[in-house]
Amino acid sequence: MQVLDRLKMELSNQQYFSDEQYIQFLAENSLTPTDEYDKSTMQKSLLFTVIDVLEAVTNDIDLMTGISTEFSDIGQAYSFLEARIQQVKDKIAAIPDEDENYSCFSLMYTNNRSNNITSAVKYHNI
């Protein structure tokens, strides 16, 4: 599956913008629309693209008016889009960074408190 097709799938095949505009959103997130989608290396960038698209929709009154036909009013459509944006942000936050080589357990021992305890132990010869 190509990256552009995967973006459309993530957007529930809603045609908010033209393919050219979707391609621009992808390019801004360092993705090439004709590449084969690889979840392990492209998922975060694709989800950032989804956020960009949804935020652009919420900022376009004409688009919001068109979407509001699916909802009772523009306010309900806006609330839905904001909730969707938050879901995507939560999904991004759950994806581990490839560069990070620590666990949440090791973080307990890397804050400044451990340095203060070590200093106190040395000072008091404990």
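**Exercise 1. With which residue does Glu-10 form a salt bridge, the closest N and O atoms being 3.1 Å apart?**

Before we start: this is a predicted model, so local features need pLDDT of at least 70, side-chain atom pairs count only at pLDDT 80 or more, and totals for chains, interfaces and linings use all residues. Residues are numbered from 1 along each chain as its sequence is written, and side-chain values use heavy atoms, with hydrogens and water left out.

Step 1. Get the rule straight: a salt bridge is a side-chain nitrogen of Lys or Arg within 4 Å of a carboxyl oxygen of Asp or Glu.

Step 2. Apply it: Arg-6 is a partner of Glu-10, with the closest N and O atoms 3.1 Å apart.

Step 3. Glu-10 and Arg-6 are four residues apart in helix H1, so about one helical turn separates them. (Helices are DSSP runs of H or I with at least four residues, strands are runs of E with at least two, and both are numbered from the N terminus.)

**Exercise 2. Follow the salt bridges of Glu-10 into helix H5.**

Step 1. Arg-84 also forms a salt bridge with Glu-10, again with 3.1 Å between the closest N and O atoms. Arg-84 lies in helix H5 (residues 74-94) and Glu-10 in helix H1, so this pair ties together parts 74 residues apart in sequence.

Step 2. Lys-91 meets Glu-10 in a salt bridge too, at 3.9 Å from N to O. Lys-91 is in helix H5 as well, so here the parts tied together are 81 residues apart in sequence.

Step 3. Put it together: Arg-6, Glu-10, Arg-84 and Lys-91 are linked in a network of salt bridges.

**Exercise 3. Sort the network residues: which are buried and which partly exposed?**

Step 1. Buried means under 20% relative accessible area, exposed over 50%, and partly exposed in between (1.4 Å probe, protein chains only).

Step 2. Glu-10, at 11%, is buried, and so is Arg-6 at 18%.

Step 3. Arg-84, at 21%, is partly exposed, and Lys-91 is partly exposed at 36%.

**Exercise 4. Describe the aromatic pairs in the structure.**

Step 1. Rings of Phe, Tyr and Trp (its six-membered ring) pair if their centres lie within 6.5 Å; planes under 30 degrees apart are stacked, over 60 edge-to-face, and the rest tilted.

Step 2. The whole structure holds two such pairs. Phe-17 and Tyr-22 are edge-to-face, 6.3 Å centre to centre with 85° between the planes. Phe-17 and Phe-25 are tilted, at 5.5 Å and 55°.

Step 3. Phe-17, Tyr-22 and Phe-25 form one aromatic cluster.
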